[in-house]
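Me: I would like to go through this model term by term, setting each value against its cut-off. Please keep to what can be computed from the coordinates.

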Amino acid sequence: MKKLSSRAILLMYLCVSINGWSQTGTRSYGKAIGGRLGFVGKHQAASDIDFAAVSYKRFFSAKSAIEANLGWGARSDYPQSTHHISFSANYQLHFPIGETGLRPFIGGGAAAIYATRRQIRYGTAVGRLFPAFYPILGIDYKSGRNFNMSVDVRPMTRLLGKRTQQFNSNTDFAPYAGISFRRSF
C-alpha cells in the first residue's frame with residue numbers, strides 16, 4: 001500500500017513538473033536564484049534595510065511572480081553598531097514588452113527585519129523584530145539562456161513599535177532601491 005501511494009505521489013509530481021516546463025514557453029523563465037544589492041536614500045544608513053541578499057524569483061504564470069529575499073547588513077557609527085538580518089517577499093505583476101526580454105512590473109510586499117543595536121561604549125545590546133511593508137516598481141530583463149537582472153524601487157515603511165533610546169521613533173520611511181542578478185532555469 002505504501003509503495004502504491006508513494007508511486008502515485010511521484011507520478012503527480014512528475015505531471016505537475018512537466019506541465020510547468022511546458023508552460024515556460026509562455027514566459028521567458030520559470031525560476032531564478034542569485035543575489036541582490038540594496039541602496040537607500042541620502043539620509044538613510046545603508047544597513048538599515050539590507051545591503052546584500054540572496055534572491056529567489058518564481059513565475060506562476062506569464063505575468064505573475066513572487067520574489068523572496070534573505071538579506072543582511074551591518075554598520076558601525078560610534079557610539080553604536082547595528083547588525084541585522086531580514087526576510088522579504090513580494091508579489092509582482094509583469095507587463096512583457098514584445099520579445100525584447102524586458103518586463104516592467106508593479107506589486108507589493110512585506111518584510112521582517114531583526115536588528116541588533118549595540119552601544120559600543122557600554123557593551124549593551126538591544127534586539128528587535130520590525131515588520132515592514134512596501135510597494136514595488138521595477139523592470140526585469142532576461143538575456144540569453146541563463147541570465148536575469150532586475151532593478152526596482154521599494155519605498156519601505158517600517159513599524160518600529162515602542163520608542164527606546166536605541167530605536168527612537170514609532171515608524172520609519174526608507175527610500176530603497178536594489179539591483180538583482182540571478183541565474184534562471
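Me: Which residues form the nonpolar patch on the surface, and what accessible area do they have together?

Reply: This is a predicted model, in which local features need pLDDT of at least 70 and side-chain atom pairs count only at pLDDT 80 or more, whereas totals for chains, interfaces and linings use all residues. Residues are numbered from 1 along each chain as its sequence is written, and side-chain values use heavy atoms, with hydrogens and water left out. The patch consists of I33, V54, Y56, L70, W72, I85, F87, Y114, L129 and F185, with about 980 Å² of accessible area together (areas by the Shrake-Rupley method with a 1.4 Å probe, only the protein chains shown counting as cover for residues). Two or more residues each come from β2, β3 (64-77) and β4 (80-94), strands being DSSP runs of E with at least two residues and helices runs of H or I with at least four, numbered from the N terminus.

Me: What makes W72 eligible for such a patch, and why is W72 called partly exposed?

Reply: A patch takes residues with over 30% relative accessible area and no salt bridge, joining nonpolar side chains (Val, Leu, Ile, Met, Phe, Trp, Tyr) within 5 Å and like charges within 9 Å. W72, found in strand β3, has 44% relative accessibility and therefore counts as partly exposed, since buried means under 20%, exposed over 50% and partly exposed in between, with a 1.4 Å probe and protein chains only.

Me: Why is I179 called partly exposed, and which residues is I179 in contact with beyond its neighbours within four places in sequence?

Reply: I179, in strand β8 (residues 171-184), has 21% relative accessibility, so the label is partly exposed. With contact meaning heavy atoms within 4.5 Å, the partners of I179 outside those neighbours are G35, R36, L37, F39, M149, S150 and V151. The C-alpha atoms of I179 and L37 are separated by 5.5 Å, although these residues are 142 apart along the chain.

Me: How do you know that D152 and R36 form a salt bridge, and what does the pair tie together?

Reply: The rule asks for a side-chain nitrogen of Lys or Arg within 4 Å of a carboxyl oxygen of Asp or Glu, and the closest N and O atoms of D152 and R36 are 3.0 Å apart. D152 lies in strand β7 (residues 147-159) and R36 in strand β1, so the pair ties together parts that are 116 residues apart in sequence. D152 has a relative accessible area of 1% and is therefore buried, and R36, at 2%, is buried too.

Me: What is the N to O distance between K57 and D140, and what else does the charged end of K57 sit over?

Reply: The closest N and O atoms of K57 and D140 are 3.1 Å apart, which gives a salt bridge. The charged end of K57 also sits over the ring of F105, 4.8 Å from its centre; the criterion is NZ of Lys or CZ of Arg within 6 Å of the ring centre and within 35 degrees of the ring normal.

Me: Why is the aromatic pair of Y29 and F59 called edge-to-face?

Reply: The structure holds 2 aromatic pairs. In the one formed by Y29 and F59, the centres are 5.0 Å apart and the planes stand at 85 degrees; rings of Phe, Tyr and Trp (its six-membered ring) pair if their centres lie within 6.5 Å, and planes over 60 degrees apart count as edge-to-face, under 30 as stacked and the rest as tilted. Y29 is buried because its relative accessible area is 3%, and F59, at 0%, also counts as buried.
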